[in-house]
Amino acid sequence: MTGKVLVAYGTTNGSTARIAEAIADVLRKDGLTADALPARSVASVSSYDAVVVGGGLYAGRWHKDARRFVRKHGRALAERPLWLFSSGPLDPSASERDIPPVPGVKKVMARLDAREHVTFGGCLEEGAKGWVAGMILRSGKGGDFRDFTAIEKWAGRVATDARGGE
């Protein structure tokens, strides 16, 4: 493998983008070439040897850009190593236990033979877009629950797997 990995993501307020960038940084430090790009901006995955796709969770569903990405590129994704991640719980639960993928992501995993899925904590802070985000923040349920140590550890496992288990 030449070691070129795409980290595509769907995000509304940037929290999932920051997770994707952290994953790409670890992949680069481990000697791979990695691009972190918004899922909606990717025209083709043909130049990549492996793909990581992430999406923020909204009302129990993956971000629409992540869903559209896996539909649009499904055939090509099924032909290369694929890992998935979700971000979303606005509490410490993702750091305390393994949270299974939401039903839609579980179907994607099976259909595209994804190697692994992980759920990371989310982040919702003042200034977030959207009526629902505003309601959540007004109720005092916002905050940053991303665990970058866990994110980087997972990305290290992805890098090892992408290099063929070296």
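Of the 166 residues of the chain, 47% count as buried in this predicted model. The accessible surface of the chain comes to about 8500 Å², and carbon and sulfur atoms contribute 50% of that area. A compact globule of 166 residues would have a radius of gyration near 15 Å, and the chain, at 15 Å, agrees with this expectation. Taken along the principal axes, the C-alpha atoms fill a box of roughly 50 × 30 × 25 Å. Among contacts with a separation of 6 or more, 75% join residues that are 24 or more positions apart.

The chain contains seven helices and eight strands. An unreviewed UniProt entry carries the annotation "domain: Flavodoxin-like" for residues 5–159; over these residues the chain is 41% helix and 25% strand, and the end C-alpha atoms are 9 Å apart.

Two of the helices, α1 and α7, were examined with respect to length and burial. Helix α1 (15–29) has 15 residues, which at 1.5 Å a residue should span 21 Å, and the distance of 22 Å between its end C-alpha atoms agrees with that value. Its buried residues are Ser 15, Thr 16, Ala 17, Ile 19, Ala 20, Ala 22, Ile 23, Ala 24, Val 26 and Leu 27. After α1 comes Gly 31, which has a positive phi near 90°.

Helix α7 comprises residues 148–162, and for its 15 residues a span of 21 Å is expected at 1.5 Å a residue; the end C-alpha atoms lie 20 Å apart, in agreement with the expectation. At the N-terminal end of α7, Asp 147 acts as a cap, with a side-chain oxygen 3.1 Å from the backbone nitrogen of Thr 149. The buried residues of this helix include Ile 151, Trp 154, Val 158 and Ala 162, together with Ala 155, Gly 156 and Ala 159. The buried residues of α7 pack against helix α1 and against the strands β3, β5 (82–87) and β6. Just after α7, Gly 164 adopts a positive phi of about 90°.

Strand β6, one of the elements against which α7 packs, contains His 117. This histidine has a relative accessibility of 10% and therefore counts as buried, the cut-off for burial being under 20%. The side chain of His 117 is joined to that of Ser 86 by a polar contact of 2.8 Å. When neighbours within four places in sequence are left aside, the contacts of His 117 comprise Leu 84, Phe 85, Ser 86, Ile 99, Pro 101, Val 105 and Met 109.

Positive phi values were also found outside glycine. Most residues other than glycine have a negative phi. Ala 59, by contrast, has a positive phi near 50° and is located in the loop between β3 (50–58) and β4 (61–62). With a relative accessibility of 83%, Ala 59 counts as exposed, because the cut-off for exposure is over 50%. Asp 113 likewise has a positive phi, of about 55°, although it is not a glycine, and its place is in the loop between α5 (103–112) and β6 (116–120). The relative accessibility of Asp 113 is 62%, so this residue also counts as exposed.

Conventions:
Residues numbered from 1 in each chain as written. Predicted model: local features only at pLDDT ≥ 70, side-chain atom pairs only at ≥ 80, totals over all residues. Heavy atoms only, no water. UniProt positions renumbered as here; feature names shortened; annotations may be inferred. Helix = DSSP H or I, 4+ residues; strand = E, 2+ residues; numbered from the N terminus. Buried < 20%, exposed > 50% of the residue type's maximum accessible area, 1.4 Å probe, protein only. Expected span 1.5 Å × (residues − 1). Contact = heavy atoms within 4.5 Å. Polar contact = N/O pair within 3.5 Å; in protein donor to acceptor, adjacent residues only side chain to side chain. Rg over C-alpha atoms; globule rule 2.2 N^0.38 Å. Areas by Shrake-Rupley, 256 points an atom, 1.4 Å probe, with all protein chains shown as cover.
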